[in-house]
Amino acid sequence: MSTNASPADPLAALGALPGVADSVDSVRKAVDRVYGHRVMRRRSNEITSEAALRGARGSAALSGADWALEEVRRRTDFGSEPEARTVGAALRLTAEAGQLLSIWRQSPLRVLARLHLVAAGRAGDDDTVGRPRLPGETVDEPLINAPLPDVAEVTGRLDGLAELIIAGTEAPALVTAAVVHGELLALRPFGSCNGLVARAAERIVLVGSGLDPKSICPAEVGHAEQGRAAYVAAFEAYLTGTPEGLAAWIAHCGRAVELGVRESTAVCEALQRGAA
């Protein structure tokens, strides 16, 4: 992340970038509408569960396992082959994210380590799991082919991001979530599962900020719906560090949340009709 923002609160300063305020306002209105749906008053837990399933499916699709929703719903074995393991990791992360909200603001790096441990799901004797990569260690990350920062840069930027989160920010939730997501994609701090972890962290910010407290607006759905090419293009704009690039990435993330809202609104409508 590179910007001319005030050093006191660089995340908040991103809210002043051209077009960002419009994205923030549009997302807030969309979220308010789905929270106001009559089904939410009595069946919000069902909407949350369905959003989690659909969000996991979307995140897995971006990591190369583009399964139909009903296949994700039906399967019980997620350890037999690479795509199944990716879907299983996405499901585990979605379930785990809600358990880490209280820790995030105090220890975001601890949360990221836990997310990677959950995503990787490997035996305890694998010492690459749950910690940032060391010099010389490779990264297996589908979709993202941007230059890989060295370990010193990863450490410095992760520490800086953690400091911003712990200090608190006046930035809108969308802005903070987009930056967390973008930084983790840019750094790819772990040997694997970085995209899955980045999208789970985005979810944690959106929920923990109070924008989406019941976790019913799965941005992962929207990222997948916009397509892998659009996701990569928006991320590459983020990597430029220019105001225009940062604004484009934030807008892309905002649109993802709005599409997640649309998905959950459709679920609400189906429940209201008795079709789900």
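Rings of Phe, Tyr and Trp (its six-membered ring) are taken to pair if their centres lie within 6.5 Å, with planes under 30 degrees apart counted as stacked, over 60 as edge-to-face and the rest as tilted. The model is predicted, so local features need pLDDT of at least 70 and side-chain atom pairs count only at pLDDT 80 or more, while totals for chains, interfaces and linings use all residues. Residues are numbered from 1 along each chain as its sequence is written, and side-chain values use heavy atoms, with hydrogens and water left out.

Four aromatic pairs are found in a search of the whole structure. In one of them, Phe235 and Trp249 meet edge-to-face, at 6.2 Å centre to centre and with 70 degrees between the planes. Phe235 belongs to helix α12 and Trp249 to helix α13, so the pair ties together parts that are 14 residues apart in sequence; helices here are DSSP runs (H or I, at least four residues), numbered from the N terminus. Both Phe235 and Trp249 are buried, that is, under 20% relative accessible area, where exposed is over 50% and partly exposed lies in between (1.4 Å probe, protein chains only). Ring pairs join Tyr231, Phe235, Tyr238 and Trp249 into a cluster.

Helices α12 and α13 also help to cover helix α11. Six of the eight residues of α11 (residues 219-226) are buried, namely Ala219, Glu220, Val221, Gly222, His223 and Ala224. The cover over these buried residues further includes α3 (40-62), α9 (173-187) and α10 (194-208). After α11 comes Gly227, whose phi is positive, near 100 degrees.

Terms used
Helix = DSSP H or I, 4+ residues; strand = E, 2+ residues; numbered from the N terminus. Contact = heavy atoms within 4.5 Å.
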